[in-house]
Amino acid sequence: MRTVAVVGSQWGDEGKGKIVDLLAADADVVVRFQGGNNAAHTLVVNGEKFILRLVPSGALHDGKVCVIGSGTVVDPFALLEEIDALKKRSYLNGEGRLRLSYDAHIVMPYHRAIDRAREARLGKGAIGTTGFGIGPAYEDKMSRQGLRFDDLADWKTFREKLERNIKEKNLYLKAVLKAKPIDGDALIAATSKLRRRILPYLCDTGAFVAEAARAGKRILFEGAHGTMLDIDYGTYPFVTSSNCVASAVFAGGGLPPGQLDATLGISKAYATRVGSGPFPTEIHGRLGDKLRSEGGEFGSATGRPRRIGWFDAVLARYAVRVNGMWGLAVTKLDVLSGIDPVKICVGYMVGKERYDEIPPGRHALAKAKPLYEEMPGWSGGLNGAKSLEELPANARRYIERLGQLTGVPIAMVGVGASRDATIVLKNPFRD
Ligand code: IMP
């Protein structure tokens, strides 16, 4: 297959970065199609750790073209920092390796200020955003006040629009949010300085991706966040502000509809969530703490401790449906070693009613009581396993059960942090 999307099937942090990095070896082009630097994809390559927020994970392979598509919102200051850090480590070198859509929207410091001030005012009712200004930037896009990279080409008009935005946002920050306004002059000066560095990356990425698909190139679409954080399909309002599901590759990545060959969903062997919102299988107390520390479950973007839970087959089936999944990669199986028994949520009780599929009306999720199936655990390190046969029998049974419950083939199993600690059962680019 030639065009493949990788999407999260939980609340983000499923380990997509590692799987994208692995698949990128077979791809010609890697495309981010939504979100911004609220994403943070952690990869370990040759013992070195990388955290990529905006640049697609294909950057760590020679010769791949990395595309940041029109559905994204991009903080140009953060992007340049990331580019510089990659170049310093000898990645992303060469002409045309990174292409940024003219149509992507620019995240400005006033978006960050609004995001943070709003969250502070919400107190206990806060969404728990990353604070990177993603929601306010998408708001400006939808209300047609946003600044796009395209606008940067003409500095005079851009400056006028930016001044207008600064004035309005500062008024809102002061009068409504009772927060400190941003320094408009400093922002204009800084933007004028970065402009020359950004312009060479700009590209009509829609045309580029469509042409690459027409020419039969292998294209990997790298989703950020996860299905349950999707603005339409997730646990609204505790979601991010973009569509994170596979259908977003068309609008946000430039692939003509109908040309996506496969979607690979990524799920941890357990579940995590950062920020507020319903989480039916959440584990509190010592067991949750143990998994958090064994799995290093602290936000890569914000450092916040992640909430921990059991694998939720009801939500996984939902993610299989809304993404039209071809296969599922299960990551971090090694983290469950030493836990006995392991549990899988197979249904919910909401009041007196049993649900085997997601209950209608997402508010019901907040009241859902999970029904668990228990399986005997296993122990010992799994790193080095190259096939399911090399796993302890109970770990293998656990994976097989996830396949049965989700109704989709298990394509990969992650057994450690590094690029090669992955059992590959099916590779969409090689099938
Ligand atoms: P925002 O995307 O910063 O507006 O945050 C909205 C919600 O999405 C919050 O609960 C965040 O913690 C969550 N979120 C956003 N991006 C990610 C991610 O990449 N991984 C996990 N959670 C995320």
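1. A good place to start is the pair formed by domain 1 and domain 3, whose centres, taken over C-alpha atoms, are separated by 24 Å. Their contact (heavy atoms within 4.5 Å) takes in 33 residues of domain 1 and 39 residues of domain 3. Please keep in mind that this is a predicted model, where local features need pLDDT of at least 70 and side-chain atom pairs count only at pLDDT 80 or more, while totals for chains, interfaces and linings use all residues. Residues are numbered from 1 along each chain as its sequence is written, and side-chain values use heavy atoms, with hydrogens and water left out.

2. For orientation, the protein is divided into domain 1 (3-101 + 202-262), domain 2 (105-198) and domain 3 (267-424); these bounds come from an automatic or database domain assignment.

3. Now the interface itself. Domain 1 and domain 3 bury about 2,800 Å² between them, 61% of it on carbon and sulfur atoms. Buried area here is the accessible area (1.4 Å probe) that two parts lose on being put together, summed over both. On the domain 1 side, W11, D13 and K18 supply 24% of the area buried against domain 3, more than any other three residues.

4. D13 also appears in a salt bridge with R306, at 3.3 Å from N to O. The term means a side-chain nitrogen of Lys or Arg within 4 Å of a carboxyl oxygen of Asp or Glu. The count of such bridges between domain 1 and domain 3 is one.
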